[in-house]
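This report describes how a ligand is held by the protein shown here, and then turns to one residue beside that ligand.

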Amino acid sequence: MDISALPYDYTLPEDVKKVALVIIDMQRDFLEPGGFGDALGNDVLRLQAIVPTLQQLLSTFRSMGLMVIHTVECHQPDLSDCPVSKLHRGKGDLKIGDRGPMGRILVKGEPGNGIIPELEPLPNEVVIYKPGKGAFYATPLSDLLQREGITHLLVTGVTTEVCVQTTMREANDRGYECLMVEDCTESYFPEFKQATLDMVRAQGGIVGWTAPAANVIAALQAWMQRPEEKAIAF
Ligand code: TIU
């Protein structure tokens, strides 16, 4: 079963349970005023446009019983996992660990660090807390994917050229077949989003594939309609 994608069709594995949806950092820090994204001087509201489409994709994964992984960029309250370089980067009014309108900026467990209610993880879904931009660095993600036999990752979330792209590159180097879902990722800089999509799929898919959510959902629904699946269902 193929997803119509760029630079060419993306083939789903025979066993679709090997596909996981990765939702990167859809936390209030990046999507709502008063968080880390805002402190860095960004227009955070422009990220919210992807939420309904991402909800549809998430609901498809949930209805098929496929693995869903959420990530949250955060640091321990004592900031022991935050490199000094990261702490001091940028010239915003608020730095990581400072108290803002949604609690301490980018600190685990603070109100601003929560995933937005529209995409609230279910109890059976994995949440990876990550101190870096990539979801593999200093997290249990690699072990988890290996244990669950995941081979294909559909990558979504924010921001496209920072945490989403970093994670996709980390995953690509580890041998995962990755597809970035075009309308389920967003950046504070539309031109950076476009450039990321272009560079991921350049050179014959040097980092992977891209496709809109509708193509992904259509392929997954077609997979459900395969005669073998219907036979199991009835
Ligand atoms: N600033 C920015 O664009 N992104 C981040 O700091 N983290 C993520 O992308 N999640």
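A residue counts as buried when its relative accessible area is under 20%, as exposed when that area is over 50%, and as partly exposed in between. In this predicted model, cysteine 163 has a relative accessible area of 3%, and because this value is under 20%, cysteine 163 is buried. Cysteine 163 belongs to helix 6, which covers residues 160–173, and its C-alpha atom is separated by 5.5 Å from that of glycine 134, although the two residues are 29 residues apart along the chain.

Cysteine 163 is also one of the residues that surround the ligand, and the others are Asp25, Phe30, Phe36, Leu40, Glu73, Lys133, Val158, Thr159, Val162 and Tyr188. Sorted by class, this shell around the ligand consists of seven nonpolar residues, one polar residue and three charged residues. As for its location, the ligand sits in the largest pocket.

Three of the surrounding residues place a polar atom beside a nitrogen or oxygen atom of the ligand, as the table sets out.

| Residue | Protein atom | Ligand atom | Distance |
|---|---|---|---|
| Glutamate 73 | polar side-chain atom | nitrogen | 2.8 Å |
| Valine 158 | backbone N or O atom | nitrogen | 3.1 Å |
| Threonine 159 | polar side-chain atom | oxygen | 2.8 Å |

How much of the ligand's area does the protein bury? Taken alone, the ligand exposes 280 Å², and the protein buries 93% of that area.

Note on methods:
Residues numbered from 1 in each chain as written. Predicted model: local features only at pLDDT ≥ 70, side-chain atom pairs only at ≥ 80, totals over all residues. Heavy atoms only, no water. Near = heavy atom within 4 Å. Polar contact = N/O pair within 3.5 Å; in protein donor to acceptor, adjacent residues only side chain to side chain. Areas by Shrake-Rupley, 256 points an atom, 1.4 Å probe, with all protein chains shown as cover. 1 Å grid on protein atoms, 1.4 Å probe; cavity = no way out; pocket = protein on both sides within 12 Å on 5 of 7 lines; lining within 4 Å. Sits in = over half its atoms within 2 Å of the grid points. Nonpolar A, V, L, I, M, F, W, Y, C, P; charged D, E, K, R; others polar. Helix = DSSP H or I, 4+ residues; strand = E, 2+ residues; numbered from the N terminus. Buried < 20%, exposed > 50% of the residue type's maximum accessible area, 1.4 Å probe, protein only.
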